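The following exercises are intended for a reader who meets this structure for the first time. Each task is followed by a solution in steps.

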Amino acid sequence: MPGGSGACSSSRPDDSRGRQSGEHGLRAAAGVTALLAALVLAASSHATPVGLGMREYRFSLYRPSVHAGRVVFNMTNFGEDKHNLRLTGPHGYRSSVSPEVEPFGGRVRFAVNLRRAGTYRLVCLEPGHLAKGMKATLRVARRHS
Ligand SMILES: [Cu+2]
């Protein structure tokens, strides 16, 4: 490393604030604000991935609990029938029904927003599947900050 150039330290004259750089400073601040906003957005749109295996007639949930927020189920159908997924949860929460997951290895990503902590129930809505035991439970913990 070449020593002592000092080129990396931006020499910022102290008198620059009062003169013409007022707008420049504002623009820089706006840039930083936009960057921070983008970072916050990226953090808040982060989704927790959860693997979900499907077969006759059960779900294999790859993790028993998640934190509240966006969750993406990575569903794989290892069975011979079509399967799907719906969640119900606290305060009458009811997700949409996922697309059908095709048998023999079909895969679907299904995103939901689980805002409230509590116990959620996963079921398959194909006729007769729930009665045969195709359900699972996912615990949702309060979002950590
Ligand atoms: Cu099913």
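**Exercise 1. The nonpolar core**

Task: In this predicted model, determine which residues of the largest nonpolar core touch the most other members, and which elements give two or more residues to this core.

Solution. Step 1: The largest nonpolar core holds 19 residues, of which Leu52, Phe73, Met75, Leu85, Tyr120 and Leu122 touch the most other members. Step 2: Two or more residues of this core come from each of strand S1 (48–55), strand S4 (69–77), strand S6 (106–114), S7 and strand S8 (135–141). Step 3: Leucine 85 may be examined in detail. Leaving aside residues up to four places away in sequence, leucine 85 touches Leu52, Phe73, Met75, Ser98, Phe110, Leu122 and Cys124. Step 4: As general background, nonpolar side chains in soluble globular proteins tend to be buried together.

**Exercise 2. The open sheet**

Task: State the order in which four strands form an open sheet, and identify its edge strands.

Solution. Step 1: The order is S3-S8-S7-S5, with mixed pairing. Step 2: Strand S3 (65–67) and strand S5 (86–88) pair on one side only and are the edge strands. Step 3: On average, neighbouring strands of this sheet are turned by 30° against each other, direction ignored.

**Exercise 3. Bridges of strand S7**

Task: Trace the bridge partners of leucine 122 in S7, starting from leucine 87 and ending in S8.

Solution. Step 1: S5 pairs with strand S7 (residues 118–123) in the antiparallel sense, over three bridges. Step 2: Between these two strands, arginine 86 stands opposite valine 123, and leucine 87 has leucine 122 as its bridge partner. Step 3: S7 and S8 also run antiparallel, joined by six bridges. Step 4: Here the bridge partner of leucine 122 is alanine 136 in S8. Leucine 122 thus has bridge partners in leucine 87 and alanine 136.

**Exercise 4. Alanine 131**

Task: Decide whether alanine 131 counts as buried or exposed.

Solution. Step 1: Alanine 131 lies in the loop between S7 and S8. Step 2: A residue is exposed if 12 or fewer other C-beta atoms lie within 10 Å of its own. Step 3: Alanine 131 counts as exposed because it has 9 C-beta neighbours inside 10 Å. Step 4: Its C-alpha atom is separated by 9.1 Å from that of tyrosine 57, although the two residues are 74 residues apart along the chain.

**Exercise 5. The whole chain**

Task: Describe the chain by its elements and its share of buried residues.

Solution. Step 1: The chain contains one helix and eight strands, in the pattern α-β-β-β-β-β-β-β-β along the sequence. Step 2: Of its 145 residues, 18% are buried.

Methods:
Residues numbered from 1 in each chain as written. Predicted model: local features only at pLDDT ≥ 70, side-chain atom pairs only at ≥ 80, totals over all residues. Buried ≥ 20, exposed ≤ 12 C-beta atoms within 10 Å, placed from the backbone. Pairing = 2+ DSSP bridges. Axes fitted to C-alpha atoms, helices over the stretch in contact; angles between N-to-C directions. Core = buried A, V, L, I, M, F, W, Y, C linked by C-beta atoms within 7 Å. Contact = placed C-beta atoms within 7 Å.
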